[in-house]
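Open the model in your viewer and keep the sequence panel visible. The stops below go from one helix to the next, then to the charged side chains, and end with the whole chain.

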Amino acid sequence: MGAHLAKPARSAGRRKGDVAADEAVYGAIRRAMHMGRLSPGTKLQEPALARVLKVSRERVRKALHRLVHEGWLQAVPNRGTFVPRLTIGEMRQIYDVRTMLEAAIVRRLSAEHGPSAARRLKAHVNKERLAVRNDDRGRLFGLSGEFHVLLAELCGNDELTSLLRGLLARSTMHFSLSAPERFHNCAGPHDHADIAKEILAHNGEKASQLMLDHLLGLVELQSASPPIRSAVPLKDAFRGITATRRRV
């Protein structure tokens, strides 16, 4: 009886480890995308990624499926998985929707937010400042997208959060390739901090205007600097990026 009871515990441990390892592979690919190293149209093949990341093809397959499901990558039947292309026109349409949504989001949060929301906003802004100090572009770009999702989450509407996540997934790749290599934050080093400050001060109209200016700044940046970087070998795209938290 004792032996039978011990087996589930060991299996549970392995499952827990698998989750962490799968998350590491997923995070490594996302980080390469945020750093602007994976050009639109790049085909991501399981064997090549597995070799570069030093993990199994199964882990890579899970990560690619998840990224496709979330909208970060595009699966083309009988061809494979690709980094999606986004035209300037498509980018502008996405930001048109984002301006309508996010201006309303910050007005609502300015009118009604509690201590927990304030703590989460302040903590997030501090993480972005730390990423700027560390000159960690990949971390900063990831946090920049998460800031906008966090605002939606704090409204307590799951449908709104899901919608915004989908829009961000389609626009983040374009932005990461358009921004200069030493570019800090979404459209300026203080944009998110200033928006959060006005939200916490209950200044809804000011927060809304700052958000509009912020998003319009992103549109102008990306329209003026379309992604034209050449594709790089996978080993270079993932240089300095690890996907091995533990033995896999």
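Start by selecting residues 137-153, which form helix α6. Its 17 residues should span 24 Å at 1.5 Å a residue, and the end C-alpha atoms are indeed 24 Å apart. Bear in mind throughout that this is a predicted model.

Stay on α6 and colour by accessibility. Of its 17 residues, 14 are buried, so the rest of the structure largely encloses the helix. Then step back to Asp136, which caps the N-terminal end of α6. A side-chain oxygen of Asp136 lies 3.1 Å from the backbone nitrogen of Arg139.

At the other end of the helix, select Glu153 together with Arg165. Their side chains meet in a salt bridge, with 2.9 Å from N to O. This pair links distant parts of the chain: Glu153 belongs to α6 and Arg165 to helix α7 (residues 158-178), twelve residues apart. Glu153 is partly exposed, with a relative accessible area of 30%. Arg165 also counts as partly exposed, at 42%.

Next, select residues 88-111, helix α4. From first C-alpha to last, its 24 residues reach 34 Å, close to the 34 Å expected at 1.5 Å a residue. Which residues of α4 are buried? They include the charged-type side chains to click on, Arg98 and Glu102, and also Met91, Ile94, Tyr95, Leu101, Ile105, Val106 and Leu109. The rest of the list is Thr99, Ala103 and Ser110.

Now move to the salt bridges around Lys62. Asp18, Asp22, Glu58, Arg59 and Lys62 are linked in a network of such bridges. Show Lys62 and Asp22 first: their side chains meet at 3.4 Å, N to O. Lys62 sits in helix α3 (residues 57-70) and Asp22 in helix α1 (residues 2-34), so to follow this link is to cross between distant parts of the chain, 40 residues apart. Is Asp22 buried or exposed? Asp22 is buried, with a relative accessible area of 16%, under the 20% cut-off. Lys62, at 38%, counts as partly exposed.

Add Glu58 to the selection. Glu58 forms a salt bridge with Lys62, the closest N and O atoms being 3.8 Å apart. The two residues are four apart in α3, which means that about one helical turn separates them. Residues three or four places apart on an α-helix point the same way, because there are 3.6 residues a turn. Glu58 is partly exposed, with a relative accessible area of 46%.

Go back to helix α1 and pick Arg30. Arg30 is buried yet has no salt bridge. The nearest side chain of opposite charge is Glu70, 4.1 Å away, and a salt bridge needs nitrogen and oxygen within 4 Å. What does join the side chain of Arg30 to Tyr26? A polar contact of 2.7 Å does. Leaving aside residues up to four places away in sequence, Arg30 touches Leu67, Glu70 and Trp72.

Finally, zoom out to the whole chain. The protein has ten helices and two strands, in the order α-α-α-β-β-α-α-α-α-α-α-α along the sequence. The structure holds 13 salt bridges. Of the 248 residues, 45% are buried. The exposed area is about 13400 Å², with carbon and sulfur atoms supplying 52% of it. Among contacts between residues at least 6 apart in sequence, 78% join residues at least 24 apart.

Notes
Residues numbered from 1 in each chain as written. Predicted model: local features only at pLDDT ≥ 70, side-chain atom pairs only at ≥ 80, totals over all residues. Heavy atoms only, no water. Expected span 1.5 Å × (residues − 1). Buried < 20%, exposed > 50% of the residue type's maximum accessible area, 1.4 Å probe, protein only. Polar contact = N/O pair within 3.5 Å; in protein donor to acceptor, adjacent residues only side chain to side chain. Lys, Arg positive; Asp, Glu negative; His and termini not counted. Contact = heavy atoms within 4.5 Å. Areas by Shrake-Rupley, 256 points an atom, 1.4 Å probe, with all protein chains shown as cover.
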